[in-house]
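Please look at the packing of nonpolar and aromatic side chains in the structure below.

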Amino acid sequence: MKFYDRKARDLEQNFFTLSENPAIVTVGEHVDAASVSQGAFGIYAGSPCAMLFLPPDSPLCGLLHVGGACSVSFFDNPICRDRLAALTESVRLEAAGLSAAWEDGTPYCEQADTVLLCRCICTCQMEHSEQRAVGFLCAISRTLRKRPGFRERLVGCC
């Protein structure tokens, strides 16, 4: 199915707040992926950004680096939830029964309904109570949607 370009500033949902919309981050030439349970949208230095939080032991933490490209894929289809659960056990997209596509040299999940193409601009170690995480601030360079008529405005972002 064809993807349509959208500006990040034109998206209406904050996808990270929709619990029924699982998200995965994909990075690298071998299409390594992991599910992202926490994140946020916002503006940093005048540009739309996504903040991703991964456990420090996630294999993706070693692959995401400042200046590196990544994608964040969101799914409207609940059928993908079981496949995404497999990403907690394996970091390869195809191991979860999902396929990769490439845009501007960045891998993303072909079954996704919305894809954010990003570039990591900074990382930070975070600790709150007993929980630890690595935060990745990623500038959103392009947004792809499968359905062009879908409501499109990033809530609380722009």
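The following paragraphs go through the nonpolar cores and then the aromatic pairing.

The model is predicted. Its largest nonpolar core has 22 residues. Within this core, the residues with the most contacts are Val 25, Leu 52, Leu 54, Val 72 and Phe 136. At least two core residues come from each of strand S2 (23-27), strand S5 (47-54), helix H1 (59-63), strand S6, strand S9 (114-128) and strand S10 (131-145). Strand S10 gives the most, with four residues.

Phe 136 shows which parts meet in this region. Leaving aside residues up to four places away in sequence, Phe 136 touches Ala 50, Met 51, Leu 52 and Leu 54. Its other contacts are Cys 61, Leu 64, Cys 120, Cys 122 and Thr 123.

Apart from the largest core lies another one, of 16 residues. Val 31, Ala 101, Tyr 108 and Ala 112 are among its members.

A pair of aromatic rings is described by the distance of the centres and the angle of the planes. How many aromatic pairs does the count come to? The count comes to one. The ring centres of Phe 41 and Phe 74 are 6.5 Å apart and their planes stand at 45 degrees, so the pair is tilted. Because Phe 41 lies in strand S4 (residues 38-44) and Phe 74 in strand S6 (residues 69-74), the pair ties together parts that are 33 residues apart in sequence.

Are Phe 41 and Phe 74 buried or exposed? Buried means under 20% relative accessible area. Phe 41 has 10% relative accessibility and therefore counts as buried. Phe 74, at 0% relative accessibility, also counts as buried.

Note on methods: Residues numbered from 1 in each chain as written. Predicted model: local features only at pLDDT ≥ 70, side-chain atom pairs only at ≥ 80, totals over all residues. Heavy atoms only, no water. Phe/Tyr/Trp six-rings, centres within 6.5 Å; stacked < 30°, edge-to-face > 60°. Buried < 20%, exposed > 50% of the residue type's maximum accessible area, 1.4 Å probe, protein only. Core = buried A, V, L, I, M, F, W, Y, C linked by side-chain atoms within 4.5 Å. Contact = heavy atoms within 4.5 Å.
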